[in-house]
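Student: I'd like a close look at one part of this structure, with its charged pairs as the way in. Please start from a single side chain and work outwards to where the chains meet.

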There are 4 protein chains.
Amino acid sequence: MSQLLGAASYTDSSDDETSPRDKQQKNSKGSSDFCVKNIKQAEFGRREIEIAEQEMPALMALRKRAQGEKPLAGAKIVGCTHITAQTAVLMETLGALGAQCRWAACNIYSTLNEVAAALAESGFPVFAWKGESEDDFWWCIDRCVNVEGWQPNMILDDGGDLTHWIYKKYPNMFKKIKGIVEESVTGVHRLYQLSKAGKLCVPAMNVNDSVTKQKFDNLYCCRESILDGLKRTTDMMFGGKQVVVCGYGEVGKGCCAALKAMGSIVYVTEIDPICALQACMDGFRLVKLNEVIRQVDIVITCTGNKNVVTREHLDRMKNSCIVCNMGHSNTEIDVASLRTPELTWERVRSQVDHVIWPDGKRIVLLAEGRLLNLSCSTVPTFVLSITATTQALALIELYNAPEGRYKQDVYLLPKKMDEYVASLHLPTFDAHLTELTDEQAKYLGLNKNGPFKPNYYRY
Amino acid sequence: MSQLLGAASYTDSSDDETSPRDKQQKNSKGSSDFCVKNIKQAEFGRREIEIAEQEMPALMALRKRAQGEKPLAGAKIVGCTHITAQTAVLMETLGALGAQCRWAACNIYSTLNEVAAALAESGFPVFAWKGESEDDFWWCIDRCVNVEGWQPNMILDDGGDLTHWIYKKYPNMFKKIKGIVEESVTGVHRLYQLSKAGKLCVPAMNVNDSVTKQKFDNLYCCRESILDGLKRTTDMMFGGKQVVVCGYGEVGKGCCAALKAMGSIVYVTEIDPICALQACMDGFRLVKLNEVIRQVDIVITCTGNKNVVTREHLDRMKNSCIVCNMGHSNTEIDVASLRTPELTWERVRSQVDHVIWPDGKRIVLLAEGRLLNLSCSTVPTFVLSITATTQALALIELYNAPEGRYKQDVYLLPKKMDEYVASLHLPTFDAHLTELTDEQAKYLGLNKNGPFKPNYYRY
Amino acid sequence: MSQLLGAASYTDSSDDETSPRDKQQKNSKGSSDFCVKNIKQAEFGRREIEIAEQEMPALMALRKRAQGEKPLAGAKIVGCTHITAQTAVLMETLGALGAQCRWAACNIYSTLNEVAAALAESGFPVFAWKGESEDDFWWCIDRCVNVEGWQPNMILDDGGDLTHWIYKKYPNMFKKIKGIVEESVTGVHRLYQLSKAGKLCVPAMNVNDSVTKQKFDNLYCCRESILDGLKRTTDMMFGGKQVVVCGYGEVGKGCCAALKAMGSIVYVTEIDPICALQACMDGFRLVKLNEVIRQVDIVITCTGNKNVVTREHLDRMKNSCIVCNMGHSNTEIDVASLRTPELTWERVRSQVDHVIWPDGKRIVLLAEGRLLNLSCSTVPTFVLSITATTQALALIELYNAPEGRYKQDVYLLPKKMDEYVASLHLPTFDAHLTELTDEQAKYLGLNKNGPFKPNYYRY
Amino acid sequence: MSQLLGAASYTDSSDDETSPRDKQQKNSKGSSDFCVKNIKQAEFGRREIEIAEQEMPALMALRKRAQGEKPLAGAKIVGCTHITAQTAVLMETLGALGAQCRWAACNIYSTLNEVAAALAESGFPVFAWKGESEDDFWWCIDRCVNVEGWQPNMILDDGGDLTHWIYKKYPNMFKKIKGIVEESVTGVHRLYQLSKAGKLCVPAMNVNDSVTKQKFDNLYCCRESILDGLKRTTDMMFGGKQVVVCGYGEVGKGCCAALKAMGSIVYVTEIDPICALQACMDGFRLVKLNEVIRQVDIVITCTGNKNVVTREHLDRMKNSCIVCNMGHSNTEIDVASLRTPELTWERVRSQVDHVIWPDGKRIVLLAEGRLLNLSCSTVPTFVLSITATTQALALIELYNAPEGRYKQDVYLLPKKMDEYVASLHLPTFDAHLTELTDEQAKYLGLNKNGPFKPNYYRY
């Protein structure tokens, strides 16, 4: 999961307890092919979508360029993602490119009801609301897929639940499906497993590992969100603080760079000797966690691993030590080990717990060990724009690819499209790209329009 | 080409004009199977080798670990590289691992005569001296290959000339050759072309693109050598200077980071939108060269392209502008265009020319547009150690690989070996790697000893 | 004014409309010599004070060291500052050192009612609540000063209002007053004016300009709060943004360093050529505001000057440009000029207004041009600890100074005490100071215990 | 001493052994009122001076502005400084401003003979050559001062030797002398001692402590020269190295910032708690030398103190540790303690010694513990330009000051002139200063032309 749910919901009346499934609602054109919290909130949602449009120039540029061609004409896309203003801009872009869409939410809490209402009002069959039950969740997905007289030919998934549902309930549908675009680490993992098992029956595109998405979701975004998340929760001063960062992948690199720049003294732990050597060359002491656990003021996990911070470590931390997780699961800190009778938990702020030892020592645990950057900071629209543009291009590519270009396998986004996503975001920075001359292109053996690098290039 | 020829030659007597090919020399054991400038310089060379050994702990560790096994027993390696103290440590390591070696120089200027003498004295058939003619160059290579009763079964090449010579003169030799290890960009390019053309008849390993080598040769090394090269040649102050760096690959990233840290204001040009977006996020204005050419104090090329800086650009630069090249050829600056009658050249220091326009404007051209980091700074032994260790491991891998693991194609170093090279260099930094627990390894689906990343991981 | 009011008030019942002046309240010991919102909130306030004590080790150390001596025995201090948990720790420290205190608030909004209640409960005569009227404000000050049978002999002021009141109403009181300690820029300015006019009748200590306070309040604190303030209000991404910072004093230096580190491209404007040259050497383009106003994404003022950003500048900014003030008044941006009929104001979040031009262009104005770091971020307790410790030491110094050491003038804190404040904060960082040997002290001509620098030293 | 002697001497014939004092030389105008190595080298020296002029625009601007006024008309300046191309530009500027000058060298090794010849050829009475004896040194000074029919009325000194000589030999001369301008730390120290003792009989200006000079000579210059000095002597790689920097004044701050930026891990030692706290906030671990001496790769002293690195420390360093001094004397490292029989010294390069312990451990000692930045790197002309401009303005100020403005005391350069020096160097960076409006100047209580800061401002 890579999106976040920045803006709060403005208009929810907390007293409306009726399940959306039990309501009879129609949009202003008379359609009732949707299920949202309250269609009357559409106007508020539309305003949010318009604001988001201003900050997603790449999608708006796609709309403009596609005015004549309609590269998605005939596409019937079923989607399952977070439903936010940014997603709405994506959906309406897909529509402008010629596609028909039906959509459900990939998370039971993350839907912005007003945005869902605005989409429904505009004629998108959306089935989602904030606070769905588990049963609601699958019901919504089913309503997207199981429609009289309409069958999807493209899947856009975030987490793999939609894909899983079709595999389980409507395997025959894959006969008409041209491809799956999957964005999340988890969903991609599932697809690779299907592929290994020989069960993947359509081409799938792993957009999670495109260069631009990776660098922005991880390195650049975490460089900022680690500072933001720590400040909002603890108001701490970074200068002079001793910090240990577990893991020196893109996320760890971003965290370390930011904290070093703010005057913290940063230690790094790693299991991979290559990343370890990078940490050394970037000016960080490479240690085992045990060596510094008694002296540090902050512990940050960025490993993707489990039990990186154990109860034993927590027992040895000094008073007021802050512990948080920037990796991609809630397993990195063994929080369960802190749920023992001798320790007292005190909630001091939203997302901030003091865990108190019998001798009075307090550990400051953020977001109960879940992702700090999802829970305690926001993701800039610019990052979401890159993700959404990548998804749109992946859909176009898979939908239009000539027979045989893609087999029943998992693919990375073609480098040229990755480059195209990047190029659509350069105007934001008033950045001016240099073009190769014919002579130079020939000298380098490159096409003037790219791709510019071999596939193994590391950036 | 990635090595450099740090130390000057201490003992060359400039008055010895006799060609080594015309000399009769024997080492102390009576062998004359070598051709070097002066065997009597061996003692000086040995001292240089001993100093280098102290700074190449990874190779020394390899020697120690291999004491029992001799993984290169039976290997007959013919090599063609720069001949420096660091190369000598590599060759003697290969010897300690069980290999027989014969060696020539890959560059007519780069041989350290004392080191060549020391190797010859130790019994290595070395054919190389500083200042070879073109004819000497091929003669030396031939003497390595064309030997009565000895036939190579491994090739270690830097630039592809040795490989080319065998292809041309002794194609039958490839029947016994198990593989080629190639280090340079140029040599690798040639191998890929052979492979595409279906003419590559043995497996080849591209060590140029291993992670550790790339990051050290380019990012980390250039981050330091750009400052060193500019200071040694011009004694300029970096603070407040306006600099344009052409190209934001690893070399460009290193140059930009260093100059920004020293207080320069840095502009970047790029052709690749992904690298361009990285430059933006790293805080550099992305421009076309024309936009800033009138105002900058320094122009640095790092593109690998040709004619990036043209006469037109040079005409528009301001007085005292410094122009230099950190890319990998001498083509980036169109130096030829400056050889016109109306411009005056004035050599003000070694490697520094003033090119003077009729109106008195002076451009400061460094190293005549050749590589600044090769000509005007030194490469730390630590970087050379990484390269040499990578070469040694690649030779071991290819030599010992079971039938069928490698076909007649170009391969990247297996990730596990790349990680091994890195791990051998961690002790230098007193860096302590964390080990996965069994439980964690299982959770991640990894072997505890690596490899730790998928092949497409970007670091 | 340098403090801030981090924590919100937890227990205020908004429906209690009775003025504290009309209430009859007693603390548990029966005293009614105080006036606070609600004495029953004392327990909540005490908890806040205890938390603050943990983060103000320097004051706690002062308490411990002074256990025998009571350097403020006999001191009768009247104070007028923000009333927060940190101030409470200061007041209770002054009490522990032997002083009697009476206290009012220096700002009608900034009092934390619970903390005021806790102080009253402990026996401190405190006259302050959140939301005083102008009349209340002076009434509270008067109640501190105008007491039967008690006359202050020391003043601790923040802003100069207390000092001004005594000058105006009770000038005779100065006969017994040993000195004034003043913390704010404004208050210090007033004192220098009194001194110039020959009207200052007691020694005054300018603690605003002590080294530690200046560096922490300005450079180190702003380096963090500029990022925090921008993120909390706008959720923007810093990478690649173009920013102009007006003013390169300590505040400007902090802002520039932080934004550069986060990947922004920063321009600087200055009127002082020395600071301008520093900006150049630190890697910032020095421009006039007009040169870049059309292209920047953010404008930050840090000058202390007025009308630095004019309506003309605002008219020329691009859509979505963010404008904010980090200087020390609300005059730097000409906000008044934006209150014209053709512009529409839209409040989009707390502290964030969109000002909309007729053509749809929006400027994002933060905190209506007031101080961003006071309105939209928090000041770490560590910084407040330095300020409070400095105040305590200044009071001790003036109170105990032998006759004649200080005349009727404004003094900077003696360097030795400035150094002492710093030394009390080093343990926080587990920092180990080196001591001079006798031989070294002699060589340098220094006392081993300091002061270590001449007065003109710049740090 | 703050200057350095960048360029080597090109034309010295080593075989000319005659003492200049024994030679009969005349310049082309027939004058023999000078004593230099060889008047025939004048042409080479003139070329060096012309190159320096191009890089000292501030002095050239002074010449231009003074064309009408001649603010030094009537001044008779006797000077004693390093004699380099940059000094020559200063002297000729003083001449252009109306002064008569006579000059000697302040160091027996630092004179560039060609430049001295060029000055003599132009009519400046210069008495200086490279390699003077102690006796020559004082003879030259005396020849500047003790002249028939000419008596100095201004002194420009660097180190205080000239001032000392006049005090000792010609005390009556001070009756006509209007002031002393002194540049070095040592000379300034002597003047303050004279002043304290009541023996200073004319006003003196301490230009060493002007803001611009301090920041450039120390912070900005050392930030670059520490890297340069280490690279040129040892070719080491900075990334990942552990470094301890002793002293966190301006020099230490510069060294730490540079090394941190290059990826070194930096520890700091300090005696002053204020500087110590700054080190903490800037992200450096504050330690005692003993705590890290066994683990560091480099030790750098920047204290101005003596015996900061003792034999005991040296005994405990690890093999290959590099030791060097960036402070302002050769006392910081106890080099004398290394001159014992059990240690072997090996000179491995110019300015680089290996000191070898009986167990084979080697310490790499740079410049025998003298100043690294003077011995092993160069000082950019830009820094020398700031120094020279400051000297010129100080001479103008003292010479033209109305009776009574300066007493027999040591003064800092008036802030307005410090600002003027800075402003003269801004065009180098194409930097555009903002001017106060009348309204703003009034609001701030400042003159529009400065000075802009109170004297205690720290920058």
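Tutor: Happy to! Let's begin with Asp315(C), which is partly exposed at a relative accessible area of 37%; here buried means under 20% relative accessible area, exposed over 50% and partly exposed in between, with a 1.4 Å probe and protein chains only. Please keep in mind that this is a predicted model, in which local features need pLDDT of at least 70 and side-chain atom pairs count only at pLDDT 80 or more, while totals for chains, interfaces and linings use all residues. Residues are numbered from 1 along each chain as its sequence is written, chains are lettered from A and ligands numbered from 1 in the order in which they are written, and side-chain values use heavy atoms, with hydrogens and water left out.

The partner of Asp315(C) is Arg311(C): their side chains meet in a salt bridge at 2.8 Å, N to O. The term stands for a side-chain nitrogen of Lys or Arg within 4 Å of a carboxyl oxygen of Asp or Glu. Both residues belong to helix α12 (residues 311-316) of chain C, four residues apart, or about one turn of the helix. Helices (H or I, at least four residues) and strands (E, at least two) are DSSP runs, numbered from the N terminus. An α-helix has 3.6 residues a turn, so residues three or four places apart point the same way. Unlike partly exposed Asp315(C), Arg311(C) counts as buried, at 17% relative accessibility.

Over in chain A, salt bridges that share partners tie Arg339(A), Arg347(A), Asp353(A), Glu368(A) and Arg370(A) into one network. One of its links joins Glu368(A) to Arg339(A), with the closest N and O atoms 3.0 Å apart. This pair connects distant parts of the chain, 29 residues apart: Glu368(A) sits in the loop between β14 (362-366) and α13 (372-375), and Arg339(A) in the loop between β11 (321-325) and β12. Glu368(A) is partly exposed at 28% relative accessibility, and Arg339(A) is partly exposed at 48%. Another link runs from Asp353(A) to Arg347(A), also with closest N and O atoms 3.0 Å apart. There, Asp353(A) is buried at 4% relative accessibility, while Arg347(A) is partly exposed at 46%. Over all chains, the structure holds 107 salt bridges.

Now for the meeting of chains A and C. Here 32 residues of chain A are in contact with 32 residues of chain C, contact meaning heavy atoms within 4.5 Å. The two chains bury about 2,600 Å² between them, 52% of it on carbon and sulfur atoms. In chain A, Glu224(A), Met237(A) and Met262(A) lose the most area to chain C, together 25% of what that side buries. Buried area is the accessible area (1.4 Å probe) that two parts lose on being put together, summed over both.

Charged pairs feature here too: six salt bridges are counted between chain A and chain C. For instance, Asp235(A) pairs with Arg232(C), with the closest N and O atoms 3.1 Å apart. The count of residue pairs in polar contact is 16, both residues being at pLDDT 80 or more. On the chain A side, α1 (42-54), α8 (211-234), α9 (250-261), β12 (344-349) and α14 (381-400) each supply at least two residues. Of these, α8(A) gives the most, with nine residues. That side divides into 15 nonpolar, seven polar and 10 charged residues. As for the other terms, a polar contact is a pair of N or O atoms within 3.5 Å; within protein, one must be able to donate a hydrogen and the other to accept it, and residues adjacent in sequence count only if both atoms are side-chain atoms. Ala, Val, Leu, Ile, Met, Phe, Trp, Tyr, Cys and Pro count as nonpolar, Asp, Glu, Lys and Arg as charged, and the others, Gly among them, as polar.

Finally, the symmetry. A rotation of 180 degrees, with 0.0 Å of shift along its axis, superposes chain A on chain C with an RMSD of 0.2 Å; the fit is by least squares on the C-alpha atoms of residues with pLDDT of at least 70 in both copies. Of the residues of chain A, Ala261(A) comes closest to that axis, its C-alpha being 3.0 Å away. Both copies use the same surface, with 97% of the contact residues of chain A recurring in chain C.
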